[in-house]
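Student: I have a new model open on my screen and would like to learn how to read it. Could you take me through it?

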Amino acid sequence: MSTTHNHVAAPDSGHNEHDESHHTHADHGTAKSYLTGFILAVILTAIPFWVVLGKVFESSSTTALVVLGLAAVQIVVHMVYFLHMNTKSEGGWSILALIFTTILVVIMLSGSIWVMYHLNHNMMPGMMPDTTGDATTGSIKSAPAMPAMEGMKGMEGMKGMEGMEGMKDMPVAPKAP
């Protein structure tokens, strides 16, 4: 006689593989963490307004640096408390993507500033302070005369431009109406 065993599946306990794997993802935050992030964001917004409107610093460049520094801190607060970016979320890929993006933005901004500075320097030589022109009047001293062409190679047959005397008698094409 053979005995048969019927295996009956255990009743579903309400957990499946998807629910258990859900706990491995990044934390979605609590009300306390959102409230902390919100308070920090409000403070980091109010301080620059106070610095600018209260004219706390005499130098505008110092004020700009303080405001930019507080903006950078606020970006970090938003990323940590609202976007939940840390080294553990998504296996660290979100931080690596952020670092890569930051490097690209720095390269593009610094390269653009470098190109614009050199274009300005090379295209507007009379307006730059290190040139010989007078920037207040816009006048540029004339360039020194070209040296004589007698000593240059290949210019032996060009002396006096012989044979070009008849060019002044050539007819001129009529102008279009």
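Tutor: Gladly! Let's begin with burial: buried residues make up 11% of the 177 residues in this chain. Keep in mind that the model is predicted.

Student: What does the secondary structure of the chain come to?

Tutor: Helices and strands are counted along the chain, and here the count is 4 helices and 0 strands. Read from the N terminus, the order of elements is α-α-α-α.

Student: How much surface does the chain expose, and which atoms supply it?

Tutor: About 15800 Å² is exposed, and carbon and sulfur atoms supply 69% of that area. For contacts, look at separation in sequence: of those in the chain with a separation of 6 or more, 40% are between residues 24 or more positions apart.

Student: Which residues form a nonpolar patch on the surface?

Tutor: The patch is formed by Leu35, Phe38, Ile39, Val42, Ile43, Ile47, Trp50, Val56 and Phe57, and together they have about 830 Å² of accessible area. Take Ile47 as an example: it sits in helix α2, which spans residues 31-53. Partly exposed means between 20% and 50% relative accessible area, so Ile47, at 31%, belongs in that class.

Student: Is Gln74 buried or exposed?

Tutor: Start with its place: Gln74 is part of helix α3, residues 60-81. Buried means under 20% relative accessible area, and Gln74 counts as buried because its value is 17%.

Student: What does Gln74 touch?

Tutor: Leaving aside residues up to four places away in sequence, Gln74 touches Ala41, Leu44 and Thr45. With Ala41 you can look at the atoms themselves: a polar atom of the Gln74 side chain lies 2.9 Å from the backbone oxygen of Ala41.

Student: Now the backbone angles. Which residue has a positive phi of about 50°?

Tutor: That is Lys55, and it is not a glycine. You will find Lys55 in the loop between α2 and α3. Lys55 is exposed because its relative accessible area is 69%, and exposed means over 50%.

Student: And where does His84 lie?

Tutor: His84 is in the loop between α3 and α4, the latter being residues 93-123. Its phi is positive too, near 55°, and His84 is a residue other than glycine.

Student: Why does His84 count as buried?

Tutor: Use the cut-off again: buried means under 20%, and His84 has 16% relative accessibility, so it counts as buried. Put the two loop residues side by side on your screen: Lys55 is exposed, whereas His84 is buried.

Note on methods:
Residues numbered from 1 in each chain as written. Predicted model: local features only at pLDDT ≥ 70, side-chain atom pairs only at ≥ 80, totals over all residues. Heavy atoms only, no water. Patch = residues over 30% accessible without salt bridge, like charges linked within 9 Å, V, L, I, M, F, W, Y side chains within 5 Å. Areas by Shrake-Rupley, 256 points an atom, 1.4 Å probe, with all protein chains shown as cover. Salt bridge = Lys/Arg side-chain N within 4 Å of Asp/Glu carboxyl O. Helix = DSSP H or I, 4+ residues; strand = E, 2+ residues; numbered from the N terminus. Buried < 20%, exposed > 50% of the residue type's maximum accessible area, 1.4 Å probe, protein only. Contact = heavy atoms within 4.5 Å. Polar contact = N/O pair within 3.5 Å; in protein donor to acceptor, adjacent residues only side chain to side chain.
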